[in-house]
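Trainee: Could we go through this model together? I would like to understand the reasoning behind each label.
Mentor: Gladly, let's take the labels one by one.

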Amino acid sequence: MYDYDLLVVGSANADLVIGVERRPGAGETVLGSDLAVHPGGKGANQAVAAARLEARTALLARVGDDAHGRLLLDSQRAAGVDTVGVLVGGAPTGVALITVDPSGDNSIVVSPGANGRLTPQDVRAAASLFHASRVVSVQLEIPLETVVEVVRNLAPDNRFVLNPSPPRPLPQEVLAACDPLIVNEHEAKVILGEALVSEEPEDWARILLAKGPRSVVVTLGAEGSLVASGEGVTRIPSVKVDAVDTTGAGDAFTAALAYRLGAGASLAEAAAYASRVGAAAVTKRGAQESFPTVAEIEGGPL
């Protein structure tokens, strides 16, 4: 019997958001709106998204011993995430400084802070969490050496899910563990690099699969997604909604897919469910506050 449906290993940031009429040029000062502070970071987002779907979820991350760290811990606990694996101290909490103009375009500067201090040793010390979890989900807002250590510490029955964001070349050891590797168009192109010889997403998925992952999911926004494994490539249609804010939608998709895979769904079934969750998330503003509950998914129009 597993204690957790999903263990998320990743980042936790405080998002500091200011609305501006236009972004300043070099040496220029502009006035903006009141500062809004939101809990964020891809790891923390995924954990909250899964917990909202009633997945038994734990988070392995690091935050600072500061107000932003307390904000993040509070948001995790409020969603029902087990924070036993959240380490405190070593550096200030990671922060994303975000300016948003009237068109919705944003500029972001990230200070990794404590996220950059989540070490391979921290992963080894959390071995009991891996053995207690069905699925382990990771992103790349923590050091790559820490991601490699996660792969090396997977329990025999763990299923490993990776969203390589922000994208970078991945060691073969990491690629071989992915089941699935989840990428959007930009991430797929970065990882494919010189192997990008086609503009067809189906070809991207096949080439990515040939690089070693056990399965691949390519998300295509309003065009839906596709899943690829040894059984072939399957298109998953999108769920049509009026999008208000796409912030965090990818994290909601990944969390929902990882949870459903752990519950025994096929890759195509899990991706179809994740599409509904991601679509619900874009109908509300913000990241964590936009993530749907089970009741909203099962009882809503999606």
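Mentor: Let's start with a term: a cavity is a set of grid points where a 1.4 Å probe fits but cannot get out. Keep in mind that this is a predicted model.

Trainee: How many cavities of 30 Å³ or more does the count come to?
Mentor: The count comes to one. The largest cavity has a volume of about 40 Å³.

Trainee: Which residues line the largest cavity?
Mentor: The lining consists of Ala12, Ala44, Leu59, Ala61, Val63, Leu72, Leu73, Gln76 and Val86. Strand β4 (57-63) and helix α2 (67-79) each supply at least two of the lining residues.

Trainee: How does the lining of the largest cavity divide into nonpolar, polar and charged residues?
Mentor: Ala, Val and Leu count as nonpolar, whereas Gln falls among the polar residues. The lining therefore divides into eight nonpolar, one polar and no charged.

Trainee: What makes the second largest pocket a pocket, and what is its volume?
Mentor: A pocket is an open set of points with protein on both sides within 12 Å along at least five of seven lines. The second largest pocket has a volume of about 170 Å³. Its lining divides into four nonpolar, five polar and three charged residues; among the lining residues are Arg159, Asp179 and Glu231. The largest share, three residues, comes from β12.

Trainee: Why are α1 and α9 called oblique?
Mentor: The axes of α1 (residues 42-52) and α9 (residues 249-262) come within 8 Å and cross at roughly 55°. Angles under 35 degrees count as roughly parallel, and 65 to 115 as roughly perpendicular. The crossing angle of roughly 55° falls in neither range, so α1 and α9 are oblique to each other. Their crossing is right-handed.

Trainee: Which residues make that contact?
Mentor: On α1 they are Lys42, Asn45, Gln46, Ala49 and Ala50, and on α9 they are Asp251, Ala252, Thr254 and Ala255. These divide into four nonpolar, three polar and two charged.

Trainee: What is the omega of the cis peptide bond that joins Ser165 and Pro166?
Mentor: For Ser165 and Pro166, omega is about -5°, and Pro166 sits in the loop between β9 (159-162) and α6 (172-177). A cis peptide bond also joins Asp179 and Pro180, with omega about 15°; Pro180 lies in strand β10 (residues 178-183).

Trainee: What is the phi of Glu54, and where is this residue?
Mentor: Glu54 is not a glycine, yet has a positive phi of about 70°. Glu54 belongs to the loop between α1 and β4.

Conventions. Residues numbered from 1 in each chain as written. Predicted model: local features only at pLDDT ≥ 70, side-chain atom pairs only at ≥ 80, totals over all residues. Heavy atoms only, no water. Axes fitted to C-alpha atoms, helices over the stretch in contact; angles between N-to-C directions. Helix = DSSP H or I, 4+ residues; strand = E, 2+ residues; numbered from the N terminus. Parallel < 35°, antiparallel > 145°, perpendicular 65-115°, else oblique. Left-handed = near helix turned anticlockwise from the far one by under 90°. Contact = heavy atoms within 4.5 Å. 1 Å grid on protein atoms, 1.4 Å probe; cavity = no way out; pocket = protein on both sides within 12 Å on 5 of 7 lines; lining within 4 Å. Points joined across faces, edges and corners; volume = space filled by probe spheres on them.
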